[in-house]
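Visitor: I'd like a close look at one part of this protein. Could you pick a pair of packed elements and walk me through how they sit together?

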Amino acid sequence: MKAETHIAVGALVGAAIVSQTSGSQLDTDDLIIFLLSVFGALLPDIDHEASMISRRAGPLALPFRLVSHRGVTHSLAAIALLYFGLTKLGAPQLIVIALLAGYASHIAADMLTVQGVELLWPVCWRVRLLPKLLCISTGGVGEHVYAVVTFLLLLVIGVPLVIR
Ligand SMILES: [Zn+2]
């Protein structure tokens, strides 16, 4: 899926987390949690040289160009590695949750596409959530509908949840 779609999904995930964790007033921490979810939702595509995150990351993205697109970065192994890495670095639990929830939302969204993902990497089976006939083509009409529905959910459900 395109970066814009992943941003919409990550924003919805971020709004859901902030709605459950913020105090009576929104503050900077809430904004950071929200933005980390969006960032996490873009991160798996660092393995694609034309992706928004890869272009922005510059030389940091170079090692990820050695792996196949939708391979290791779109797997449960990547989620586990991020979890252990962030935890080992002493990242606060809420930051870990926000980043990983966004990251997982990316993988789940890509699993709605025809290409699927190598969820069980290093096993190279491509995993999809739907039968191939019902899957979305990246950049196709189905993705646009999915992105619009996600954005509407963000406006109708996500924003009211956060702004109480
Ligand atoms: Zn992806």
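Guide: Here is a walk from the whole chain down to one helix pair. Keep in mind that this is a predicted model. The protein chain has six helices and zero strands, so from the N terminus on the order simply reads α-α-α-α-α-α. Its C-alpha atoms fill a box of roughly 45 × 40 × 25 Å along the principal axes. A compact globule of 164 residues would have a radius of gyration near 15 Å, and the 16 Å found here agrees with that.

Now for the pair: helix 1 and helix 6. Two packed helices are described by the angle between their axes and the distance between the axes. For helix 1 and helix 6 (residues 141-162), the angle is about 20 degrees and the axes are 9 Å apart. Angles under 35 degrees count as roughly parallel, and therefore that is how helix 1 and helix 6 run relative to each other. The crossing itself is left-handed.

What touches what? On the helix 1 side, the residues that meet helix 6 include T5, A8, L12, A15 and S19. Among their partners in helix 6 are Y146, T150, F151, L154 and G158. An α-helix has 3.6 residues a turn, so residues three or four places apart point the same way.

Helix 1 has another job in this picture: along with helix 2 (28-42) and helix 4 (76-88), helix 1 (3-21) is among what covers the buried residues of helix 5. Those buried residues include I97, L99, Y103, H106 and I107.

Note on methods: Residues are numbered from 1 along each chain as its sequence is written. This is a predicted model: local features need pLDDT of at least 70, side-chain atom pairs count only at pLDDT 80 or more; totals for chains, interfaces and linings use all residues. Helices (H or I, at least four residues) and strands (E, at least two) are DSSP runs, numbered from the N terminus. The radius of gyration is taken over C-alpha atoms; the globule rule is 2.2 Å times the number of residues to the power 0.38. A residue is buried if 20 or more other C-beta atoms lie within 10 Å of its own, exposed if 12 or fewer, and partly exposed in between; C-beta atoms are placed from the backbone. Two residues are in contact if their C-beta atoms, placed from the backbone, lie within 7 Å. Axes are lines fitted to C-alpha atoms, for helices over the stretch in contact, and angles run from 0 to 180 degrees between N-to-C directions. Angles under 35 degrees count as roughly parallel, over 145 as roughly antiparallel, 65 to 115 as roughly perpendicular and the rest as oblique. A crossing is left-handed if the near helix is turned anticlockwise from the far one by less than a right angle, and right-handed if clockwise.
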